[in-house]
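Visitor: I would like a short tour of a protein model, please. Could you walk me through it by question and answer?

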Amino acid sequence: MSFNLYWRNNDGIGGHVWLSLSDMVALREEMLEQGMAVETGHNATGIPGAKLLPSQPETITEEEIAAALEVASPKPRTLVGYSLWRDWLEFLEGARRNGGLLIRP
């Protein structure tokens with residue numbers, strides 16, 4: 001299984017990535033560890049963790065991304081791949097500036 005992620009406002013050339021299930025799980029776990037993503041029922045800001053492993057298409061808003069990036073650390077705590085984390089943060093910053101993020105399983 002893979003995930004297709006798109007900035008809501010993209011030109012069809014940039015603003016998209018494809019992630020394997022294992023990469024998406026690793027990124028989700030790192031975001032939860034850093035407080036960028038939150039589990040259901042918590043009164044915190046950020047990206048709802050359920051949106052990061054969708055079984056159906058999901059939209060992550062600019063506001064959710066902005067809140068997540070406010071607490072993001074450039075140094076991963078749980079991920080083995082530093083470059084994956086760095087690239088993810090850059091992609092999220094682009095999504096924040098371009099209308100949010102669409103995730104399609």
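Guide: Happy to; what follows is a short conversation about this predicted model.

Visitor: What pattern of helices and strands does the protein chain follow along the sequence?

Guide: Let's start with the inventory: the protein chain has three helices and six strands. Read from the start of the sequence, they come in the order β-β-α-β-β-β-α-α-β.

Visitor: Which radius of gyration does the protein chain have, and why does it agree with a compact globule?

Guide: The C-alpha atoms fill a box of roughly 30 × 30 × 25 Å along the principal axes. A compact globule of 105 residues would have a radius of gyration near 13 Å, so the chain agrees with that expectation, at 12 Å.

Visitor: Is Asn4 buried or exposed?

Guide: Asn4 is found in strand 1, which covers residues 2-7. The cut-off for buried is under 20% relative accessible area. Asn4 has 18% relative accessibility, so it counts as buried.

Visitor: With which side chain does the side chain of Asn4 make a polar contact?

Guide: Leaving aside neighbours within four places in sequence, Asn4 is in contact with Val17, Trp18, Leu102, Ile103 and Arg104. The polar contact, at 2.3 Å, joins the side chain of Asn4 to that of Trp18.

Visitor: And Met1, is that residue buried or exposed?

Guide: Met1 lies in the segment before strand 1. Together with Leu21, Val25 and Leu53, Met1 makes a nonpolar surface patch of about 350 Å². Exposed means over 50% relative accessible area; Met1 has 66%, and therefore Met1 is exposed.

Technical notes. Residues are numbered from 1 along each chain as its sequence is written. This is a predicted model: local features need pLDDT of at least 70, side-chain atom pairs count only at pLDDT 80 or more; totals for chains, interfaces and linings use all residues. Side-chain values use heavy atoms; hydrogens and water are left out. Helices (H or I, at least four residues) and strands (E, at least two) are DSSP runs, numbered from the N terminus. Buried means under 20% relative accessible area, exposed over 50%, partly exposed in between (1.4 Å probe, protein chains only). A polar contact is a pair of N or O atoms within 3.5 Å; within protein, one must be able to donate a hydrogen and the other to accept it, and residues adjacent in sequence count only if both atoms are side-chain atoms. Contact means heavy atoms within 4.5 Å. Patches are made of residues with over 30% relative accessible area and no salt bridge: like charges are joined within 9 Å, nonpolar side chains (Val, Leu, Ile, Met, Phe, Trp, Tyr) within 5 Å. Accessible areas come from the Shrake-Rupley method with a 1.4 Å probe; for residues, only the protein chains shown count as cover. A salt bridge is a side-chain nitrogen of Lys or Arg within 4 Å of a carboxyl oxygen of Asp or Glu. The radius of gyration is taken over C-alpha atoms; the globule rule is 2.2 Å times the number of residues to the power 0.38.
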